[in-house]
Amino acid sequence: MSQSESVHKRHASELEDGLCDVPTSKKLCTSSGEEPPVESEPVAIIVGEEKEKFSVHAHLLEGSSEYFLKVLSVSQDGDQMCTVKLEDADASAFSIYAKWPYTGRFHLATSPDTQTPNGSPNDMCWDEMSACYALSDFSDATIDAFTRRMEIRNNSPVELAKWIYPKTTKDSAHRRLCRDIIVHTWARKKWDRLWTEDYPPELVANVLADVSVKFARGSKRRELTEFLEAKNACEYYEHKRLELPCYKARFGI
Ligand SMILES: [Zn+2]
């Protein structure tokens, strides 16, 4: 293996680490007395039509979700385990969510390396990740997982904007990621999709506006990996626009 191949492989495995179950970037540090509590009650979460039950510690739910912070702040009487019902959520997506605050990693059911029998890359991961994105509290972390995987593959799922636009508002940083990927990295043959497929009209309008600026500047198409590598990690996260703490700082990653 040449040196550049081995550097590329190492780089890819470091990136892929964000999607698997080996937390290598947890840092050691000295106690400051301001760490999150480690003793909190487990909360039972009943998810979906199948009523699948999960158990997650309250402080981790509160620390990773505005929704749970609000729900769990309502005091519970008695010794009974606190129970929250999420009837409309997807249980397999929630099982990824439930492990997230413990590890800061995406534990996907499908291996990112799995290939389909005809040799093409497996797109199940994208499906799992888009289901996670639909759990709105989780969205910055999911965007992180999306961008890591796209960087490794030098390819983006064409449905990305279809998953993100319906869940976001006009000035969302996540929408900007979709626009930027199309405008700066899509090859010409992909562009027909914008007119022939069912993309959100706002996306098409956004892309047309951005393209005119791109032409005026005379900028060239870039490889997706190179484009994403050059970006600041938090640029496409909503926490920046909403002036909230970065989820990475909360989990020490
Ligand atoms: Zn951040």
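Reader: Across which strands does H4 lie, and at about what angle does H4 run to S2?

Author: In this predicted model, helix H4 lies across S1, S2 and S3, and the direction of H4 makes an angle of about 15 degrees with S2. Across the whole chain, the secondary structure comes to 13 helices and three strands.

Reader: What is the order of the strands in the sheet, and what kind of pairing do they have?

Author: The three strands form an open sheet in the order S2-S1-S3, and the pairing is mixed. S2 (52–57) and S3 (83–86) stand at the edges because each has a single partner strand, so one side of each is left without a neighbour in the sheet. From one strand to the next, the twist averages 25 degrees.

Reader: How do you know that S1 pairs with S2 and with S3?

Author: Two strands pair if there are at least two bridges between them. Six bridges join S1 to S2, and these strands run antiparallel, while four bridges join S1 to S3, and these run parallel; therefore both pairs satisfy the cut-off of at least two bridges. As examples of residues that stand across from each other, Ala44 is opposite Ser55 in S2, and Val47 has Leu86 as its bridge partner in S3. In the hairpin of S1 and S2, four residues lie between the strands, and Gly48 takes a positive phi near 75 degrees.

Reader: Why do the side chains of S1 point to two faces, and which of them are buried?

Author: In a regular strand the side chains alternate between the two faces of the sheet. Along S1, Val43, Ile45 and Val47 point to one face and are buried, whereas Pro42, Ala44 and Ile46 point to the other face and are not buried.

Reader: Which residues have the most contacts inside the largest nonpolar core, and which elements supply at least two residues of this core?

Author: The largest nonpolar core has 40 residues, and those with the most contacts inside it are Ile96, Tyr97, Met129, Cys132, Ile164 and Cys178. At least two core residues each come from strand S1 (42–47) and from helices H2 (58–64), H4 (91–103), H5 (124–134), H6 (139–153), H7 (160–164) and H8 (173–185). If its neighbours within four places in sequence are left aside, Met129 is in contact with Thr142, Ala145 and Phe146. Over the chain of 253 residues, 25% count as buried.

Reader: What makes H8 oblique to H10?

Author: The two helices pack at an angle of about 55 degrees, with their axes 9 Å apart. An angle under 35 degrees would count as roughly parallel, and 65 to 115 as roughly perpendicular, so an angle between these two ranges counts as oblique, and that makes H8 oblique to H10. The crossing of H8 and H10 is right-handed. Where they meet, H8 contributes Arg175, Cys178, Arg179, Ile182 and Val183, and H10 contributes Leu203, Asn206, Val207, Asp210, Val211 and Lys214.

Reader: Why is Arg222 called exposed?

Author: A residue counts as exposed if 12 or fewer other C-beta atoms lie within 10 Å of its own, and Arg222 has 12, so Arg222 is exposed. Arg222 is found in the loop between helix H10 (201–217) and helix H11 (224–229). Its neighbours within four places aside, Arg222 is in contact with His184, Thr185 and Phe227. Although Arg222 and Thr185 are 37 residues apart along the chain, their C-alpha atoms are separated by 5.0 Å.

How values were computed. Residues numbered from 1 in each chain as written. Predicted model: local features only at pLDDT ≥ 70, side-chain atom pairs only at ≥ 80, totals over all residues. Core = buried A, V, L, I, M, F, W, Y, C linked by C-beta atoms within 7 Å. Buried ≥ 20, exposed ≤ 12 C-beta atoms within 10 Å, placed from the backbone. Contact = placed C-beta atoms within 7 Å. Axes fitted to C-alpha atoms, helices over the stretch in contact; angles between N-to-C directions. Parallel < 35°, antiparallel > 145°, perpendicular 65-115°, else oblique. Left-handed = near helix turned anticlockwise from the far one by under 90°.
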